[in-house]
Amino acid sequence: MLLVPSISIKDGKVTRLTRGDYTSGKIYNESPIDLARQFEDHGINRLHLIDLDGAKKGTPVNYHILEMMSGYSDIAINFSGGIHTDGDITKCFEFGAESITSATIAVYNPDMFSSWMMSYGREKIALGADTLDGLIRVGGWQKGTKIDLFEHIDYFYSRGLKYLKTTDISREGAMEGPSFGLYQQVIEKFPNLCLFASGGIRSVDDIQHLQDIGVYGVIFGKAFYEGKITLKDIEGFAVGVN
């Protein structure tokens, strides 16, 4: 299982939202570059960089931060937030992303997303399928849809999808624990998917439980920034799972 810290950027600063609410984001003083290097020094080889400004705007904004992080560390960066065009993807890779996660375009133009898996390779393109009450939300989680989570995943699973990131938005940043049952259902329905579970991680115990369920990777954020998961915890667990 992969242990993947997330770094969310809003207005150039590390910010964590609670349940996707842009009006109540908490800003942290850490530099995203320093964070990437700390994680790398403690056994992490991959991180998830979220461009919150890009997600809301509909086109990536924080390329410069991606470029600096990739330039000053060897950590593999999965970039997400507002990726809607081939040009967006090309720029992400040019500025140092190892892979990308896209969510909104998969709803509005599923054929294009499917073509990306073919053009760039399914190792490079992950689907973000984030849900509230079983329905997909898009546009930085600001817009609801009537699309069922499992039907949405199945459409791309049948077309060769390999990597999936699913967040239960009701748990994101709330420190109330992950949706273990949701992830169990996804794994049972789509056994060949590499599932990254995100949202609600409180502790190393939660990470262990998700590993026991069989998720491919765990994306965590606020628990680290609030001191519930330490660099020592990360190092110990990363050594055990890599």
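Tutor: Let's begin with a term: helices (H or I, at least four residues) and strands (E, at least two) are DSSP runs, numbered from the N terminus. The structure above is a predicted model, in which local features need pLDDT of at least 70, side-chain atom pairs count only at pLDDT 80 or more, and totals for chains, interfaces and linings use all residues. Residues are numbered from 1 along each chain as its sequence is written, and side-chain values use heavy atoms, with hydrogens and water left out.

Student: What follows helix H1, and what is the sign of its phi?

Tutor: Helix H1 covers residues 32-41. Gly-43 follows H1, and the phi of Gly-43 is positive, near 95°.

Student: Which residues of H1 are called buried, and what does the word ask for?

Tutor: Buried stands for a relative accessible area under 20%, exposed for over 50%, and partly exposed for what lies in between (1.4 Å probe, protein chains only). In H1, Pro-32, Ile-33, Leu-35, Ala-36 and Phe-39 are buried.

Student: How do you know that these buried residues line one face of H1?

Tutor: Look down the axis of H1: the buried residues fall within an arc of 160°, so they line one face of the helix. The arc is taken from the directions that lead from the helix axis to the C-beta atoms.

Student: Why is Lys-26 called partly exposed?

Tutor: The relative accessible area of Lys-26 is 41%. That value falls between the two cut-offs, so Lys-26 counts as partly exposed. You will find Lys-26 in strand S3, residues 21-28. Twelve residues away along the chain is Val-14, and the C-alpha atoms of Lys-26 and Val-14 are separated by 8.4 Å.

Student: And why does Glu-67 get the label partly exposed?

Tutor: Try the check on Glu-67 yourself: a relative accessible area of 43% is neither under 20% nor over 50%, so Glu-67 is partly exposed. Glu-67 belongs to helix H3, residues 63-71. Between Glu-67 and Ala-97 there are 8.2 Å in space, C-alpha to C-alpha, although they are 30 residues apart in sequence.

Student: What makes both faces of strand S13 covered?

Tutor: In S13, residues 217-220, Gly-217 and Ile-219 are buried on one side, and Val-218 and Phe-220 are buried on the other. A wider rule helps here: in a regular strand the side chains alternate between the two faces of the sheet.

Student: How do you know that S13 pairs with strand S1?

Tutor: Two strands pair if DSSP finds at least two bridges between them. Strand S1 (residues 2-10) and S13 have four bridges, so they pass, and their pairing is parallel. For a place to look, take Leu-3, whose bridge partner in S13 is Val-218.

Student: What about strand S12 and S13: how many bridges do they have, and in which sense do they pair?

Tutor: S12 covers residues 194-198 and pairs with S13 over three bridges, in the parallel sense. Ser-198 stands opposite Ile-219 in S13.

Student: Which elements make a β-α-β unit with S13, and of which hand is it?

Tutor: The unit runs through S12, helix H9 (residues 204-213) and S13, and it is right-handed. With the strands pointing away from the viewer, right-handed means that the path from the first strand over the helix to the second runs clockwise.

Student: Let's move to strands S8, S9 and S10. What makes S8 and S10 edge strands?

Tutor: Three strands form an open sheet with the order S8-S9-S10 and antiparallel pairing. Strand S8 (131-132) and strand S10 (143-148) each pair on one side only, and they are the edge strands.

Student: How do you know that S8 and strand S9 pair?

Tutor: Two bridges join S8 to S9 (residues 135-138), so they just satisfy the rule of at least two, and the strands run antiparallel. Thr-131 has Ile-136 as its bridge partner in S9.

Student: How many bridges join S9 to S10, and what do S9 and S10 form?

Tutor: S9 and S10 run antiparallel and are joined by three bridges, with Arg-137 opposite Gly-144 in S10. S9 and S10 form a hairpin with four residues between them. In the turn, Gly-139 has a positive phi of about 65°.
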